[in-house]
Amino acid sequence: MSKRQDALDYHSQGRKGKIEVITTKPCATSRDLSLAYSPGVAEPCLAIEKEPGLAYEYTAKGNLVAVVSNGTAVLGLGDIGALAGKPVMEGKGVLFKRFADVDVFDIELATKDPDEIIRTVKLLEPTFGGINLEDIKGPECFYIEEQLKEIMDIPVFHDDQHGTAIIAAAGMLNALELVDKKIEDVKMVVNGAGAAGIACANLVISLGIKQENVILCDTKGVIYKGRTEGMNAYKERLANETSARSLGEAVKGADIFFGVSAKGALTQEMVKSMGRDPIIFAMANPDPEITPPEALAVRPDAIVGTGRSDYPNQVNNVLCFPFLFRGALDVHARAINEEMKVAAVHALANLARQDVPDSVRKAYGGEEISFGRNYIIPKPFDPRVLLHVAPAVARAAMDSGVARRPVEDMDRYREQLESLQGRSKEVMRILINKARTNPKRVVFPEGDQEKILRAVQILLDEGIARPVLLGEKELIRAKMADLHMEPDQVEIIDPPTSPDLEGYIDEFFRLRQRKGITLAEAKRLIMKNRNYFGAMMVHMGDADTLLSGIDHHYPDTIRPALEVIGRQDGLSKVHGAYMMVTKKDVVFFADTTVNIEPSAEELAEIALLTARKAQHLDIEPRVAMLSFSNFGSTQHPLSIKVKKATALIKERDPALVVDGEMQANVALDPELSAKQFPFSAVQGNANVFIFPDLQSGNICYKLLNKLGGAEAIGPILMGMKKPIHVLQRGDDVADIVNMAAVAVVDAQEY
Ligand SMILES: NC(=O)C1=CN([C@@H]2O[C@H](COP(=O)(O)OP(=O)(O)OC[C@H]3O[C@@H](n4cnc5c(N)ncnc54)[C@H](OP(=O)(O)O)[C@@H]3O)[C@@H](O)[C@H]2O)C=CC1
Ligand SMILES: CC(=O)C(=O)O
Ligand SMILES: [Mg+2]
């Protein structure tokens, strides 16, 4: 199918267009009706009449943005009119929702009269928490925005001006660092002196580029002092004394080119003539001023960005407006001011320098992404953008006095932002915060693995753990340098040269001498097998917990731990659980990894240990002992075993909410439970699921993960004397970080 047809089908298939309105309150019963509408609705009306600020409490105003356009500069398609611009405005709505959960009404106005637009938008003020002006051409856009900012008490933001300028400035700051040029020395050309061009020039000047070093061009060529044709007050303010008259003359020797004009405006000849390591942002949409392959063919030393997602370095305002508005709306900002824009610039620029999580790499087809010439600004699908930009903007709004409702607890605010991105993030945030309250020493026997190093950087940045790496010092240091990590921030231990080596060997020999180990073998294992050395560290109290397994088979990781540390007294075995994070909730599955055919006694042990894990994560456990039978409905040794286990648990922990044996649907269906099993302690609200054997547990968690899309965090090993945790081969950096948090929180319990 052609790209054109594809795009048309995308818009027309199913419900037409890209947006619909969804209600947030039930309207199923006559009671609902009387609350949603008359008579109940009168109450919030009267409350708002008395106290207008309550509109943020009782209506959707606070999360609603108007995307307003008259269609005079739609992308680079030009003046195609308000109606034809509607797909773009609906598209902005999609992006606002997808990236920052901001709701949008798109408003297309069939007028070119700036005052008519101003009056109309002003009249819309009661409806919205913010106004995003879009694709209104220069110079009218400047007057419209200025006037609206003056007369409105909610944020008014022309995205083509400032959104573009913010992204381009963030990318430019990073590109300048990469090419080692000082902002106060560089010469720049901005091609296009409309909405985007004027705003880009103003912002980079405010960030430190000298005004006399910024040459603006438009369809008539260079905007120089004294030019009369095609001028306006905004161009005039930026006109410079220069002898250059054409774009070709202006870009000669320039360090930076910003294109916000039209397809093909920059030629290869022009690129050739630029200064060393030229920075070229060809931002015209949908087709750039020059494509990256064209530019790089003549100047391999260039850093090139475009507005498109199919080339590296997408310099597009999508990376800004959803997150900026999120921050502004969340503090009920009166405006979006310079301070908030600059905060967004720095938040974006800083984020691009940080290590990129695997989830983001995966979203981008597994491509290698790290700070450098092909990655100078974050990617829009990077969930961290929301968490960095919105709080930075909210903070700037508060500091500059335009926040009507300041955020009191920034950490809590970040947690709320994370919860916008799904329950799993929220739970992990709780876990991570718990880890941060008392970060423990985590030893990583696979300290030379790149994924471990990348995870360690995040653990350090977030203060989740105090990592200790095992491996050859020089090798690890070199790998850290490749990853732009600071080697001195992590302790590295090379077992053969460790001063603790002899002591560990002696102790290990003492532990295992009656289990068939010779002193020579003890020496070899502790010196050569870092899983043994790491386990000894935990045993001797030199580390609090161990995390390993990314490059080892499961038994090779777990055996040293069992031999050195062993299980807790009184337990028959160690057991394994998974935390399953669904869209709705977080539940525990056990045993999913260790015990193949647990006895009733072992099942009871598994349930008690898993319930304790849940409690430790502030989740009140409700344990379902699963079977194919409900409370004696089938008499079979397998179901009788589960029934026996249930009785044992009740005996050992009478306060624990637990019941069984029961089928999985009964464990999850309150109505069914109430109707058929009103005596059960678990009323269809189970969150800890104990499986009768490993087959069912292991199969279920994998199906839920693959078919149901639930995130599986684990295996969480339970019942060791000291906490040891096992990574899975193939775990990515985020999994390692999650497991490290699990390990730290676990270690806090010991
Ligand atoms: N990547 C991104 O995030 C964004 C990209 N853009 C892109 O920037 C471009 C301009 O948008 P916007 O500023 O809103 O539009 P405007 O209509 O406000 O401004 C367009 C400007 O470009 C100039 N121009 C047009 N064609 C040429 C050319 N061939 N050579 C030199 N100058 C030219 C016009 O000159 P004159 O004044 O003489 O008419 C005018 O100054 C569009 O392609 C748009 O897609 C815009 C916003 C965001
Ligand atoms: C991206 C955008 O806003 C534009 O091209 O107009
Ligand atoms: Mg636009």
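UniProt, in an unreviewed entry, puts a "binding site" feature at Glu134, Asp135, Asp160 and Asn285. These residues span 152 residues in sequence, yet no two of their C-alpha atoms are more than 13.9 Å apart, so they gather at one spot. Keep in mind that this is a predicted model.

**Two of the annotated aspartates**
- Asp135 sits in the loop between strand S3 (130–133) and helix H7 (140–151).
- With 28 C-beta neighbours inside 10 Å, Asp135 counts as buried.
- Beyond its neighbours within four places in sequence, Asp135 touches Ser69, Gly71, Ala73, Val74, Gly85, Val88 and Asp160.
- Asp160 belongs to helix H8, and it is buried too, since 26 other C-beta atoms lie within 10 Å.
- Setting aside neighbours within four places in sequence, the contacts of Asp160 include Glu134, Asp135 and Ala73.

**Around ligand 2**
- Asp135, Asp160 and Asn285 turn up again here, in a shell completed by Leu75, Asp159, Gly307, Asn316 and Asn317.
- By class, that shell has one nonpolar, four polar and three charged residues.

**Around ligand 1**
- This ligand has 30 residues around it, the closest being Gly76, Gly194, Asp218, Ala284 and Gly307.
- Helix H8 (159–179), helix H9 (195–207) and strand S6 (214–218) each give two or more residues to the shell, with H9 supplying the largest share, three residues.
- The class split is 12 nonpolar, 14 polar and four charged.
- Domain 1 (27–154) and domain 2 (158–315) each put in at least three residues.

**Domains**
- Further along the chain come domain 3 (320–420), domain 4 (434–549) and domain 5 (575–719).
- The centres of domain 4 and domain 5, taken over C-alpha atoms, are 35 Å apart.

Key:
Residues are numbered from 1 along each chain as its sequence is written. Chains are lettered from A and ligands numbered from 1 in the order in which they are written. This is a predicted model: local features need pLDDT of at least 70, side-chain atom pairs count only at pLDDT 80 or more; totals for chains, interfaces and linings use all residues. A residue is near a molecule or strand if its C-beta atom, placed from the backbone, lies within 6 Å of it. Ala, Val, Leu, Ile, Met, Phe, Trp, Tyr, Cys and Pro count as nonpolar, Asp, Glu, Lys and Arg as charged, and the others, Gly among them, as polar. Domain bounds come from an automatic or database domain assignment. Helices (H or I, at least four residues) and strands (E, at least two) are DSSP runs, numbered from the N terminus. UniProt positions are given in the numbering used here, feature names are shortened, and annotations may be inferred rather than shown by experiment. A residue is buried if 20 or more other C-beta atoms lie within 10 Å of its own, exposed if 12 or fewer, and partly exposed in between; C-beta atoms are placed from the backbone. Two residues are in contact if their C-beta atoms, placed from the backbone, lie within 7 Å.
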